[in-house]
Amino acid sequence: MLQVAFIREHKSDVIKGLAKRNIDATEMIEEVIALDESRRQLQTKLDNTLAESNSISKEIGNLYKSGKAAEANALKEKTSQLKEDSKAYNEALNDKANALTELLYKIPNVPHDSVPLGNSDEDNEEIFREGDIPKLHEKALPHWELAKKYDIIDFELGNKITGAGFPVYKGKGAKLQRALITYFLDKNTAAGYTEYQLPHLINEASGIGTGQLPDKEGQMYHVGADNLYLIPTAEVPGTNLFRDELLAESDLPIGITGYTPCFRREAGSYGAHVRGLNRLHQFDKVEIIRVEHPENSYTAFEGMIAHVKDILRELKLPYRILRLCGGDVTFASALTYDFEVFSTAQDRWLEISSVSNFETFQANRLKLRFKNQDGKSQLCHTLNGSSLALPRVLAGILENYQTEDGIQIPEVLIPYTGFEKI
RNA sequence: GGAGAAAUGGCAGAGUGGUCGAAUGCGGCAGUCUUGAAAACUGUUGAGGGUCACACCUCCGGGGGUUCGAAUCCCUCUUUCUCCGCCA
């Protein structure tokens, strides 16, 4: 959520920035300013009414104390009108404040200057590419065929016990999953992130804190009896750790990492691109989350990019980095780089990590602040990224490391799997 | 699941209808002293709204109510603790 004061002071910049997302926000921004203006006016009226009624109350107290009950009773009558007024002002104020909040929830973050123009993922800008694309043998298979051939992932069984998009990992497939999770966590903690185990269900307040609610309610699985949601990513519980926190400047930066399963309803997805591991309702992911001083957040962002690069280099997977364009950058993000691994057998790129700087957008909703050197409260910057998402990394490994007599395990993973080949 | 107790500032912890945004301690910050540090002493220190700045307003777990006036009384929800039950 953008800050009202920021919108008020940088109106044209905000409109110009949002235009990069191909939206004309002029009307919304004008409305925000108008709502805020009338909210402030009502607040002043309410405050004045309350001030008057407070001072009368004090007077009544003093009169009673000095035994002047008759005068006190006379004053009491004066307050009834004030009470009515303040009630009316209060209601009007709440209406305006709610309307303002609702509107602010609908306005996405202003993209960073470096975000390129564009309408869709086709306009994303490739900024880096590394790793050799292997030459596979003639009988090379896509990962869903390999999974079947080596009996390491069973999609049918998942269909039986839950439904499509809930694969069952078996034997070396299951072990490889566990190896990847441990390897990622080890890499992240070695880079200074503190490991957390987080709840897999979140309440409404947490959903609002990171922006899944109220708008994207349909993307999450909802447990109606307890009004809880299954997490779509560790970002939600991980970032909400810091909801309503006022940190000391010396607490920053904070870096945490955690492994969680992720649950996504993915309503509306279909077709060949969702085959196998490409798109799932339940998948595993190791996430990194940072809370940063505003001055350092872009340095931290570069650090996260370098960190993910390092992992992919070690895994020896061919990958590229995209700077998402205005039309593709997510709602809350100011700047997002996507990492994609090349799936040789499918001849396409698969997104395996997304690293974003949200600047103050999440922190404003979360009320995540720190006390700066002037002793003032200031919003932190939040960032997060996958480090990494499992299924497509697995797909990339299966496809790129396949040989005619089995699938090689990347060298760095062998200590974790305990086997060299599937 | 049953019975009882509780929720106050960064933390601990007083406060049971008026001058309480809240004693005190710890912590933080600034200073004195010191070659420096520690100790000691002095001062200062909650958040949000509002204002050019003041004034002023709101907040004592969340929501609602009683009252001229609520941290304090009532209702309700949530959470925590103790005991009992169940249990990986």
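Reader: Let's start with the helices. How do H7 and H12 sit relative to each other?
Author: H7 and H12 are roughly perpendicular to each other. On this scale, angles under 35 degrees count as roughly parallel, over 145 as roughly antiparallel, 65 to 115 as roughly perpendicular and the rest as oblique.

Reader: Before we go on, what kind of model is this?
Author: This is a predicted model, where local features need pLDDT of at least 70, side-chain atom pairs count only at pLDDT 80 or more, and totals for chains, interfaces and linings use all residues; side-chain values use heavy atoms, with hydrogens and water left out. Residues are numbered from 1 along each chain as its sequence is written, while chains are lettered from A and ligands numbered from 1 in the order in which they are written.

Reader: Good. Back to that pair: at what angle do the axes of H7 and H12 cross?
Author: Roughly 115 degrees, with the axes of H7 (residues 171-190) and H12 (residues 390-400) coming within 11 Å. Axes here are lines fitted to C-alpha atoms, for helices over the stretch in contact, and angles run from 0 to 180 degrees between N-to-C directions. Helices (H or I, at least four residues) and strands (E, at least two) are DSSP runs, numbered from the N terminus.

Reader: And which residues of H7 and H12 make the contact?
Author: From H7 come Leu176, Gln177, Leu180, Ile181 and Phe184, and from H12 come Leu390, Val393, Leu394 and Ile397. Contact means heavy atoms within 4.5 Å. By class, that is eight nonpolar residues, one polar and no charged. Ala, Val, Leu, Ile, Met, Phe, Trp, Tyr, Cys and Pro count as nonpolar, Asp, Glu, Lys and Arg as charged, and the others, Gly among them, as polar.

Reader: H7 also packs against H10, right? What's the angle there?
Author: About 135 degrees, and the axes of H7 and H10 (residues 297-315) are 11 Å apart. That makes H7 oblique to H10. Tyr183, Phe184, Lys187 and Asn188 of H7 meet His307, Asp310, Ile311, Glu314 and Leu315 of H10. The contact of H7 with H10 has four nonpolar, two polar and three charged residues.

Reader: Nice. What about H3 and H4, are they parallel or antiparallel?
Author: Their axes come within 8 Å and cross at roughly 160 degrees. H3 is therefore roughly antiparallel to H4. The contact of H3 with H4 takes in 22 nonpolar, eight polar and eleven charged residues.

Reader: Switching to the RNA: which residues come nearest to strand B?
Author: Asp47, Ser57, Lys65, Lys371 and Ser377, out of 19 residues around RNA strand B. A residue is near the strand if one of its heavy atoms lies within 4 Å of it. Sugar and phosphate make up 71% of the RNA strand B atoms that come within 4 Å of the protein.

Reader: Which element gives the most to that surface near RNA strand B?
Author: H3, with twelve residues. H3 (26-65), H4 (69-106) and strand E14 (369-371) each supply at least two. The surface near RNA strand B has eight charged, six polar and five nonpolar residues.

Reader: How far is the side chain of aspartate 47 from a sugar or linking oxygen of RNA strand B?
Author: An N or O atom in the aspartate 47 side chain is 2.8 Å from that oxygen. For asparagine 54, a side-chain N or O atom is 3.2 Å from a phosphate oxygen of RNA strand B. Serine 57 uses a backbone N or O atom, which lies 2.7 Å from a base nitrogen of the RNA.

Reader: Last topic, backbone oddities. Is the peptide bond from leucine 252 to proline 253 cis or trans?
Author: Cis, with omega near 0 degrees. Proline 253 is in the loop between strands E8 (246-248) and E9 (254-263). Serine 387 and leucine 388 are also joined by a cis peptide bond, with omega about 5 degrees, and leucine 388 is in strand E16 (residues 381-389).

Reader: And what is the phi of lysine 316?
Author: Positive, at about 55 degrees, although lysine 316 is not a glycine. Lysine 316 is in the loop between H10 and strand E11 (319-323).

Note on methods:
Polar contact = N/O pair within 3.5 Å; in protein donor to acceptor, adjacent residues only side chain to side chain.
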